Amino acid sequence: DASESDIHQRKVREEALRARAAAVTGPGKLKDGTPVILLGNAGDAGGSLAAARAGAEGIGLFRTELLFLESQTEPTIDEQISMYRRVFEPMKGHRVVVRTLDAGSDKPVPYINAPHEENPALGVRGWRLTRTNDEVLERQLQAISRAAEGADIDLWVMAPMVNTPAEARHFAERARAVGIKKVGVMIETPAAAIHADKVLAEVDFGSFGTNDLTQYVMASDRLDSRLSDMTSTWHPAVLRVIQIAASAAGHLIKPIGVCGEAAANPHLAAVLLGLGVNSLSMAPSAISEVRGFLSTVDLATCQAAAQKAISAPSVEEAEALAKEILEGANK
């Protein structure tokens, strides 16, 4: 039976790729030597340690809200400094990208967010909390800056849910005022992505939050299982929006990464690189497989797969066409 034969061949190929993944170590790079910075996502010291053990080249997303979610009141500056230092410790000599408090939507913090919002995903969350609790961000920026003193890390700090160039400029001014040198923004709203040529001009780097960007581009709640077919980053509309922002970053010669779940999918990671992304941050457990797979494809193949994906009419076809090209490079 041909279908059984196909399934067997696919399994053999997947096992060979997994074996190769385990054998590939060191900094991420494509088959042609193009460097790919592979980073780990972390929410606490345990996550940072796991990233270090997985061979991550740093932390690409330090979710600081965990400390706030676990506390009944806002953590003091000293409590924040202590926690941030524990996350920095395993990452000596490496980049650590800290995301300022991303409270709201599916991660409400009772003492910061409003008790009720009609549309919390579209409400006062992330950077927008400066409208209602501005001093919380001010204290957090001071704590991050002080925690990094003498920590021997390459500190990058970014704000979530930034929509406009004015917001990006405001955040950059405030972060730099407390001594933070590398300042960036999350690209997770369609406005920030489509207007990235202006938004990224105000900061040093950008990072795609693919989970939220997909949700907003597709106007589909990513927590609603009835809409799960609508919340795939493989959707050509989402990939086109990513391409717009990545292209703008390229013209500005500003680094742009992905720290959403999409980076953990080896084929999608290759497509994102083909769209112009230059760093990928993921759960530490995914790093080995992504590193191994990327070592089997060159940049031209990633770009060809990306073009096929954004030209497709559906999620299924985008994924199938991209995989065909990427897997073809491995035969």
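## A first look at the fold

The accessible surface of the protein is about 14,500 Å², and carbon and sulfur atoms account for 52% of it. Please keep in mind that this is a predicted model.

Let us begin with the overall build. The protein contains 14 helices and eight strands. Along the principal axes, its C-alpha trace spans about 65 × 40 × 35 Å. How does the radius of gyration fit that of a compact globule? For 331 residues, such a globule would have a radius of gyration near 20 Å, and the protein agrees because its value is 20 Å.

Contacts tell us how the chain is brought together. Among those between residues at least 6 apart in sequence, 69% join residues at least 24 apart. As for charge, there are 34 positive and 42 negative side chains, and the centres of these two sets lie 4 Å apart.

### Looking inside

Of the 331 residues, 51% count as buried. The largest nonpolar core is made up of 94 residues, and those with the most contacts inside it are F88, F208, V271, L280 and L294. Which helix gives the most to this core? That is helix α10 (residues 236-252), with eight residues. Another core lies apart from it and has seven residues, including V97, W156, M186 and F205.

F208 is a good place to zoom in. Leaving aside residues up to four places away in sequence, F208 touches I187, L213, I242, A245, A246, I256, G257, V258, C259, G260 and V277.

### Two covered helices

Next comes helix α11 (residues 266-274), which is mostly covered, with nine of its nine residues buried. They are P266, H267, L268, A269, A270, V271, L272, L273 and G274. What do these buried residues pack against? Their partners are the helices α10, α12, α13 (299-311) and α14 (315-328), together with the strands β7 and β8 (279-282).

One of those partners, helix α12 (residues 287-294), has six buried residues out of eight, so the rest of the structure largely encloses it. In α12 the buried residues are I287, V290, R291, G292, F293 and L294.

### Three residues towards the outside

Now for some residues that are exposed or partly exposed. The table sets out where each is found and its relative accessibility.

| Residue | Where it is found | Relative accessibility | Class |
|---|---|---|---|
| R86 | helix α4 (residues 77-88) | 48% | partly exposed |
| D152 | loop between α5 (134-148) and β4 (154-159) | 51% | exposed |
| I253 | loop between α10 and β7 (256-258) | 76% | exposed |

Why does R86 count as partly exposed while D152 counts as exposed? Exposed means over 50% relative accessible area, and partly exposed lies between that and the 20% under which a residue is buried. R86, at 48%, therefore counts as partly exposed, whereas D152, at 51%, counts as exposed.

The two loop residues also have a backbone detail worth a look. D152 has a phi near 55°, a positive value in a residue other than glycine. I253 is not a glycine either, and its phi is positive too, at about 55°.

Finally, R86 offers a way to get a feel for distances in the model. R86 and F171 are 85 residues apart along the chain, and their C-alpha atoms are separated by 25 Å.

Key: Residues are numbered from 1 along each chain as its sequence is written. This is a predicted model: local features need pLDDT of at least 70, side-chain atom pairs count only at pLDDT 80 or more; totals for chains, interfaces and linings use all residues. Side-chain values use heavy atoms; hydrogens and water are left out. Helices (H or I, at least four residues) and strands (E, at least two) are DSSP runs, numbered from the N terminus. The radius of gyration is taken over C-alpha atoms; the globule rule is 2.2 Å times the number of residues to the power 0.38. Buried means under 20% relative accessible area, exposed over 50%, partly exposed in between (1.4 Å probe, protein chains only). Contact means heavy atoms within 4.5 Å. Accessible areas come from the Shrake-Rupley method with a 1.4 Å probe; for residues, only the protein chains shown count as cover. Lys and Arg count as positive and Asp and Glu as negative; His and the chain ends are not counted. The place of a charge is taken as NZ of Lys, CZ of Arg, CG of Asp or CD of Glu. A nonpolar core is a set of buried Ala, Val, Leu, Ile, Met, Phe, Trp, Tyr and Cys residues joined through side-chain atoms within 4.5 Å.
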